[in-house]
Structures are given as structure tokens and as C-alpha cells.
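Grab a pencil and work through a few short exercises on one protein chain. Try each task yourself before you read the solution.

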Amino acid sequence: HLSYKAIGIDQKKQILTSPNTFVSTANAALYCNSRPVFSDICPKSLSMCPNKIEEVLKKNKNIKAIVPVHFAGLALNMSKLNRMCKEKGIKIIEDAAHAFGGTYECGTKIGSCKHSDICVFSFHPVKILAGGEGGVVTTNDEKIYKNILAFRSHGIIGGNAKYKNQSVAYTNSKRNLWYYEMFELGYHYRQTDIHCSLISSQLDRINSFLKKRREICERYDKYFVNNPVLKTTQSKFRNISSNHLYVIRKQFSKKKTKNEFMQNLRDKNIITQVHYIPVPMQLYYKNLGYNMKNLPNTKRYYDECLSIPLYYDLKKQEQDYIINCLKDLI
């Protein structure tokens, strides 16, 4: 929300993002009185497809920012997207909620904003760095940085800022020590010190977190890569992804629905999830007139996807149990 506000997204300026994301990516545009636009995903990366993006941009001249979602921790084609956006004067805001610790294809860490204007991370309890809630924004643009700082704290600036309300801010040309200035309507979006401490305490362990997740994913890949029924996703990109999720794909049917399959696993104490229900399918968005008409890859992915357990403390014997139960079910 702060990132969209900082670059001026409003009712006349739209963002283009992936339908395969949690609703917050799109909802934040609605908070700015804008309407998000969706572009179909690539079956390989499960993120926005650059060719599809170009098709949408040709039809919509109101798009002022593209918001690629690094789904499951994988960032692809960012340099190509950057070139495309520079030519058109469009900003890039990375939704890297899944991607802390991952890298771009060029080897640079996600969050460096090498190919973007802003990058947004999440510290939700299920994320790689679990901070209870909240997140962090990175940018190399000083103006954006200052806008976000103000918007996150009620629209207030303090310290040595240049104040406009000079008759109240200064006495005999000296800044009044107590003075602060609300120049814009902002929000109370500050991360708490307690949450910050929790996040900071994990930072020096991030490499071990990433290593363990990659090992778990590679072990799953080994058992599923040639499976005729269960298909792996993103398996060629383990070295650059943060590997936040492990998603398999399976064609379900009326005889064996996805819900029944998940319930069978739950009966064996294996909890699975679907990431995500495409945003245009949500009732609120359907009531706004959104549909899945031009999003066939996203719809097919949704019909087939299933996220299986992946977390730091997952033991090998527990993973073996999951693998064997899946094999038994199919």
C-alpha cells in the first residue's frame, strides 16, 4: 500500500500484477482508489509472462506500475521486464513476500532493486524470516524512500526536514525543537520494536534456512521428477529461488477431487494447501466485474496445484512419510 502511494497510484493510474497471488497485492491498489489489472502466468515460472504483459500494455495505457510476484521465491525475467518498463516509463514494484534470500538470474540478491524501483518483503509467521507480522520495503530512490517513511507514520516528517508551515516551525529562523509536520494523510504502518527484534535475531541464520529449504525441495524433486501423475514445479531453479513453497501439480477428476485428495492426506496428518485461489475468482472481485476469461494458464494451474509440507524443521523421516503417502494415494 505504501509503495503504491509513494509512486502516486490513484483512480487514473493502475497496476498490472499476477492473478496467482494472495489478495493483498491487488487489494492495496483498491485502497488507492485504483483498479488492478491482471496478466496471465507462465506455466514454467508460475509468475507473470513477459509476452502476456506486453499484450496487456498494448490495450491499457493507464498502467503506471507492474508488480511481478516472485511466486514460491522465484524471480525470473526481471532484466527483460526492466528494459520493457524503462521504454514505457512504467515503475516496477516487486512483490517478494516469498523471496527473502533469493537471487535474480544475474546472481544479484532480490531486494537490491537492480531491476526495479521498489521491492516488498513479508515477515508473516509462515515466511522464511518469521517476524510475527509486517514486512520491509527496499528502494534505491530517495524520493520514494522519504515518501514511504512519511506515509507509514501518519504523514508526518520531523528532524531536519524542510518544513512548509514556517510560521509554526521556526522561531527567529531556528527550528522549534518540538516541531513536526503532518503534510499528507498517512497511516500507522510502523513495525513494532518487538517484531523488529524477532526479525533481527534470525538474520544471521538466513543462509542455513535457505540451505535446508533447498535440500528439502531437491529431495522432493528426486522422488517426483519422473512421476507420471505428480508433476514438479520450478525444479530447474532451486539455486536462485528462496524455495518458500513446494508445489506439485496433478490432474484431478470427479472420481478423485482435489478436496478428497487433501482430506485423504489430512487423515494421515499431512496438511496441504492451495496457493492461491486466483484473485479474479474471489467473490469481492467477481462483484467488481473481474473474471478468468484471459487467464487460462492461471486457471489450469489452480485446478492442478497443491502445496505440500516444506519448513525448516521437517525431518527426513517425516519427508519420507509424506512421499510414501502421496505415492500410495496415486
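Here come the ground rules, followed by four exercises with worked solutions.

This is a predicted model, so local features need pLDDT of at least 70 and side-chain atom pairs count only at pLDDT 80 or more, while totals for chains, interfaces and linings use all residues. Residues are numbered from 1 along each chain as its sequence is written, and side-chain values use heavy atoms, with hydrogens and water left out.

**Exercise 1. Work out whether the radius of gyration of the chain agrees with that of a compact globule.**

Step 1: Take the rule, which is 2.2 Å times the number of residues to the power 0.38, with the radius taken over C-alpha atoms.
Step 2: For 330 residues, a compact globule would come out near 20 Å.
Step 3: The chain has 22 Å, which agrees.
Step 4: For another view, look at the box that the C-alpha atoms fill along the principal axes: roughly 80 × 45 × 35 Å.

**Exercise 2. Describe how the chain is built and how much of it is buried.**

Step 1: Count the elements: 12 helices and 13 strands. These are DSSP runs numbered from the N terminus, with helices (H or I) of at least four residues and strands (E) of at least two.
Step 2: Buried residues make up 49% of the 330. Buried means under 20% relative accessible area, exposed means over 50%, and partly exposed is in between (1.4 Å probe, protein chains only).
Step 3: Now check contacts (heavy atoms within 4.5 Å). Among those between residues at least 6 apart in sequence, 66% join residues at least 24 apart.

**Exercise 3. Find the buried residues of helix H2 and say what covers them.**

Step 1: H2 spans residues 24-31, and its buried residues are Thr25, Ala26, Asn27, Ala28 and Ala29.
Step 2: The cover includes helices H1 (2-6) and H10, plus strands E1 (14-17), E2 (37-38), E3 (63-67) and E4 (91-95).
Step 3: Step just past H2 and you meet Asn33, with a positive phi of about 65 degrees.

**Exercise 4. Track down some unusual backbone angles in the loops.**

Step 1: Go to the loop between strands E8 (170-171) and E9 (174-175), where Asn172 sits. Asn172 isn't a glycine, yet its phi is positive, about 55 degrees.
Step 2: Is Asn172 buried or exposed? It counts as exposed because its relative accessibility is 74%.
Step 3: Move on to Asn269, in the loop between H9 and H10. Its phi is also positive, near 65 degrees, and at 71% relative accessibility Asn269 counts as exposed.
Step 4: Tyr276 is in the loop between H9 (258-267) and H10 (283-287). The peptide bond from His275 to Tyr276 is cis, with omega near 5 degrees.
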